[in-house]
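Got the model open in your viewer? Let's walk through it, one selection at a time.

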Amino acid sequence: DMGSMYRPMTDVEKARWREVIDAAYQRFVRIVAEGRNLPLASATGLANGKVYTTKEALDLKLIDQIGYLDDAIQDAQKRAKLADF
């Protein structure tokens, strides 16, 4: 029942949750760094909980381009070699 809302967590349980969260965070940052070809230190500096605008994300090389749902559908159709509907 670790993390139950019906009782407070013990210090040991809090420490375990911190380990799990830190490991997930480190994995996420590593994957972003590898996938975006960024130095790990740069990716770590960007992964600070801040919400980026699309322009900021583009400038920081976190995204390749700005697009919307229609753009994604059109790209998926093109990649799947489907005719337009």
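How far apart are the mean positions of the positive and negative charges of the chain? Select Lys and Arg as positive and Asp and Glu as negative, leaving out His and the chain ends, and mark NZ of Lys, CZ of Arg, CG of Asp and CD of Glu. The 13 positive and 13 negative charges have mean positions 4 Å apart.

A quick note before moving on: this is a predicted model, where local features need pLDDT of at least 70, side-chain atom pairs count only at pLDDT 80 or more, and totals for chains, interfaces and linings use all residues. Residues are numbered from 1 along each chain as its sequence is written, and side-chain values use heavy atoms, with hydrogens and water left out.

Now switch to cartoon. You'll find four helices and zero strands, with helices being DSSP runs of H or I, at least four residues, and strands runs of E, at least two.

Next, select residues 11-35, helix H1. Its end C-alpha atoms sit 36 Å apart, which agrees with the 36 Å expected of 25 residues at 1.5 Å a residue (1.5 Å times one less than the number of residues). Show Glu 13, Val 29 and Ala 33 as sticks: these are buried (under 20% relative accessible area, 1.4 Å probe, protein chains only). Add 40-46, helix H2, and you have what the buried residues of H1 pack against. On the way there, stop at Asn 37, which follows H1 and has a positive phi, near 55°.

Finally, zoom out: 11% of the 85 residues of the chain count as buried, and the C-alpha atoms fill a box of roughly 55 × 35 × 20 Å along the principal axes.

Note on methods:
Buried means under 20% relative accessible area, exposed over 50%, partly exposed in between (1.4 Å probe, protein chains only). Contact means heavy atoms within 4.5 Å.
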